[in-house]
There are 2 protein chains.
Amino acid sequence: LIKNPRERDFVAFLRAAPHRLPSFLKLGLGDDAAIFKPTPGFESLLSCDLLIENVHFDLKCSSPWELGAKAVAASLSDIAAMGGIPRLYLVSLGIPKHPALSPQFFDALYSGMRAWSESFGAYLAGGDSTATRGPLVIDIFILGEIEKGRALLRSGARPGDLVYCSGHPGDAAAGLACLRQKKILKTSNAVQRGAASLVVKRHLLPVPRCIAGRFLSTRRAASACIDISDGLASELHHLATESKVAIDIEAEAIPLSASAWLVAKALRKDPLEWALSGGEDYELLVTVAPSKQRLLEREFSRMTGSNLTLIGRVKPGRAVRIRRKAAWKLLPDNGYEHEIF
Amino acid sequence: LIKNPRERDFVAFLRAAPHRLPSFLKLGLGDDAAIFKPTPGFESLLSCDLLIENVHFDLKCSSPWELGAKAVAASLSDIAAMGGIPRLYLVSLGIPKHPALSPQFFDALYSGMRAWSESFGAYLAGGDSTATRGPLVIDIFILGEIEKGRALLRSGARPGDLVYCSGHPGDAAAGLACLRQKKILKTSNAVQRGAASLVVKRHLLPVPRCIAGRFLSTRRAASACIDISDGLASELHHLATESKVAIDIEAEAIPLSASAWLVAKALRKDPLEWALSGGEDYELLVTVAPSKQRLLEREFSRMTGSNLTLIGRVKPGRAVRIRRKAAWKLLPDNGYEHEIF
């Protein structure tokens, strides 16, 4: 266990934990830098995700293990959206003095990170830690790899392409709503209770779509891709802006889950709002040339275990529009901004 | 200028600033991840440095430009200590609501980062930003490269090797002491005032020893290397532990600068304490096989512009000892721990 949140104690703890170095990680924790052996013919993908207590997570709602898993999931999702293979990550921690942040807490936090990341092939390679008077800070830097020239960019969508999304956007926001109105988690209605507990799990333990990303890049199936971290609306605008295109979406086509529907009905919320403006679904939003439609619809689900739903089309222009009950409206760019709670 | 600290405003601002992408950076800001082209025959070096307001910096003491420069210097120094070439970095910012954190502030912060990093060949490739109720958070992830198998590790020191350090350890701590007792910066004694202003600059704007690190790795001159970020004592212990050796140091040989001496005398402090237990010098501590001594002493200063001083020897065993006034003592492992101020 980590005796106190000084860097040397962290390093000693993390090196003592049973672990193996994968062949691409020549040197892990404990020197001035980690050493990574790039795969010949591949490019490196680099991204970071900063999570701050009471902005991105609430220690009263998630266990340290879940927090660790979710923190790496956000980073893994960035590599998935590029079509890459996650390889390694570094973790910076800013640690306030607080009795809840015990040795057991960090033990569980790193267990969650390792379990979730290693199941996608990514290994802890280093980090930094420091004391702070502010909230707990977790910043994860991830490195992935992709075959030269195969990365899925936000800028590749072309008029005529089809727009798909994976999974069930809105589930994570539904889960957050349940955590804020906890009554629903204890209702005597077993179906509602089951739906609530499922979306809460989707909020606390998102599964990054790494396998789906690899399918899209290796089969050259996508013209553009982005992960849905701030809601569909915001990501559609990113795609439209970067690709210099317009996008038309069918509201009825957005694949809300049955659980999100049920929870929304119980809480008197609009589940479509959760899908459009909720955060942290970590699904993929993908554009696909018409010539690839058959490949995708025949093989995607079978090969990746995720479902993929056609929700719209790329058009010439720049607007993002949504059709709801036969009326077209401009979709505002109101991506999810984390409230400070 | 950055309108407000939302991620999309940062990205728009940073992409609008005049900049060019170096050939190894295939895709910079604005997608899910940056794309880096590794150099064939090289390995990647990865490190991160987390800086938190009122722990690592005080906005009353450093300008935003200096803060940006110093933040990247800490990361560049990690790559220097491995003997590598800095290539690119990502910046995570946690931003509190505070009138001082204006658009002008971030403009200057990024200018400082870019100026300092680009002069060593490293480019901004991405990042993340978020609001926080806590202190300002700056986390920098750096990627460097080194020829396969040539990285300078902490674990390579062997009994019989000579121990050198670059520059003048203790200067940065002397500068911090001056910033805390500002009288000395306004003394009528011009020599004292000059010395104080010089060490303050060493504290606020450290120069990472990238050129020195490259000399050591390309000439195969060092058996082990570490950067002095937490004081000589702590880094000597790291080297001894990782290399499984003992180290003997001569206190009189430690190259304190004349400025640190003068400032210490005026403030009635022990400058040797600053060198041993002060932080943020970002000099290099190096062990060298006797066969390389001549190469080093003849060429290091001429080739790198830094000076290098013999301060001790590697021995069999595990202890770190220091000789002061003819008496040997065990050197405690009291590295600099940032106080929260």
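The exercises below, each with a worked solution, concern a predicted model of a protein with chains A and B.

**Exercise 1.** Determine how many helices and strands chain A has, and decide whether its radius of gyration agrees or disagrees with that of a compact globule.

*Solution.* Begin with the secondary structure, where chain A shows 10 helices and 13 strands. Next, take the chain length of 341 residues, for which a compact globule would have a radius of gyration near 20 Å. The value for chain A is 21 Å, which agrees with that expectation. Finally, the extent of the C-alpha trace of chain A along its principal axes can be added, and this is about 60 × 55 × 35 Å.

**Exercise 2.** Work out what share of the residues of chain A is buried, and what share of its contacts with a separation of 6 or more joins residues 24 or more positions apart.

*Solution.* A residue counts as buried when its relative accessible area is under 20%, and 61% of the 341 residues of chain A count as buried. Turning to the contacts in chain A with a separation of 6 or more, residues 24 or more positions apart account for 84% of them. As for the surface, chain A exposes about 13400 Å², of which carbon and sulfur atoms supply 54%.

**Exercise 3.** Find which rotation superposes chain B on chain A, and explain why the copies can be said to meet through the same surface.

*Solution.* The superposition of chain B on chain A takes a rotation of 180° with 0.0 Å of shift along its axis, and the RMSD is 0.0 Å. This is the relation of a two-fold axis. In chain B, the C-alpha nearest the axis belongs to G134(B), which lies 2.2 Å from it. For the second part, 100% of the interface residues of chain B are also interface residues in chain A, so the copies meet through the same surface.

**Exercise 4.** Classify N54(B) by its relative accessibility, and state how many residues of helix α4 of chain B are buried.

*Solution.* First locate N54(B), which sits in the loop of chain B between β3 (42-52) and α2 (64-81). Because its relative accessibility is 28%, N54(B) counts as partly exposed; the partly exposed class lies between the cut-offs of 20% and 50%. Helix α4 of chain B, residues 171-180, is mostly covered, with 9 of its 10 residues buried. Among these buried residues are D171(B), G175(B) and C178(B), and the cover over the buried residues of α4(B) includes α5 (190-204), α8 (258-267) and α9 (271-277) of chain B.

Note on methods. Residues numbered from 1 in each chain as written. Chains lettered and ligands numbered in written order. Predicted model: local features only at pLDDT ≥ 70, side-chain atom pairs only at ≥ 80, totals over all residues. Heavy atoms only, no water. Helix = DSSP H or I, 4+ residues; strand = E, 2+ residues; numbered from the N terminus. Rg over C-alpha atoms; globule rule 2.2 N^0.38 Å. Buried < 20%, exposed > 50% of the residue type's maximum accessible area, 1.4 Å probe, protein only. Contact = heavy atoms within 4.5 Å. Areas by Shrake-Rupley, 256 points an atom, 1.4 Å probe, with all protein chains shown as cover. Least-squares fit on C-alpha atoms with pLDDT ≥ 70 in both.
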